[in-house]
Amino acid sequence: RVLRVVGHTDNTPIVQPETKAQFPFGNLQLSAQRAVVVGNFLIEECKVPRSRLGVEGYGDTRPLKENSSAENK
């Protein structure tokens, strides 16, 4: 079995210059980086074998909740 770590973001575009410089490809890149960080934690701290872990970033394309309110975002 493979443990999948999936990153998401809301649908608000990245506009702050320092954040945009860090994630020039926007929310998709941000969501992938979030998944990578969690995946690395699972490998390093929880000793999940790297071969049993996958990471994915969906950006705002597969929201867990509608991005219709501040609370959902």
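What percentage of the 73 residues in the protein do buried residues make up? In this predicted model, buried residues account for 26% of the 73 residues. The legends below begin with the whole chain and then turn to chosen places.

**Figure 1. The whole protein, seen through its helices and strands.** The protein contains 2 helices and 2 strands, and anyone who reads along the sequence meets them in the pattern β-α-α-β. The C-alpha trace spans about 35 × 25 × 15 Å along the principal axes of the protein. Among contacts between residues at least 6 apart in sequence, 64% join residues that are at least 24 apart.

**Figure 2. The surface of the protein and its charges.** The accessible surface comes to about 5500 Å², and 54% of that surface belongs to carbon and sulfur atoms. The protein carries 10 positive and 8 negative charges, and the mean positions of these two groups are 8 Å apart.

**Figure 3. The largest nonpolar core.** In soluble globular proteins, nonpolar side chains tend to be buried together. The largest nonpolar core in this model has 6 residues, namely Val5, Ala35, Leu42, Ile43, Val48 and Leu53. Helix H2, which covers residues 27-44, gives the most to this core, with 3 residues. One member of the core, Val48, is in contact with Leu42, Ile43 and Leu53 when its neighbours within four places in sequence are left aside.

**Figure 4. Ser31, a buried residue in helix H2.** Ser31 has its place in helix H2, and, because its relative accessible area is 0%, where buried means under 20%, Ser31 counts as buried. The side chain of Ser31 reaches the backbone nitrogen of two residues: that of Tyr58 at 3.2 Å and that of Gly59 at 2.7 Å. If residues up to four places away in sequence are not counted, Ser31 touches Gly7, His8 and Thr9, and also Glu56, Gly57, Tyr58 and Gly59.

**Figure 5. Lys47, an exposed residue in a loop.** Lys47 lies in the loop between H2 and strand E2, the strand that covers residues 53-57. Although Lys47 is not a glycine, it has a positive phi of about 60 degrees. The relative accessibility of Lys47 is 62%, and, because exposed means over 50%, this residue counts as exposed. A reader who compares this view with the previous one therefore finds Lys47 exposed at 62% relative accessibility, whereas Ser31 is buried with a relative accessible area of 0%.

Key. Residues numbered from 1 in each chain as written. Predicted model: local features only at pLDDT ≥ 70, side-chain atom pairs only at ≥ 80, totals over all residues. Heavy atoms only, no water. Core = buried A, V, L, I, M, F, W, Y, C linked by side-chain atoms within 4.5 Å. Buried < 20%, exposed > 50% of the residue type's maximum accessible area, 1.4 Å probe, protein only. Helix = DSSP H or I, 4+ residues; strand = E, 2+ residues; numbered from the N terminus. Contact = heavy atoms within 4.5 Å. Areas by Shrake-Rupley, 256 points an atom, 1.4 Å probe, with all protein chains shown as cover. Lys, Arg positive; Asp, Glu negative; His and termini not counted. Charge placed at Lys NZ, Arg CZ, Asp CG, Glu CD. Polar contact = N/O pair within 3.5 Å; in protein donor to acceptor, adjacent residues only side chain to side chain.
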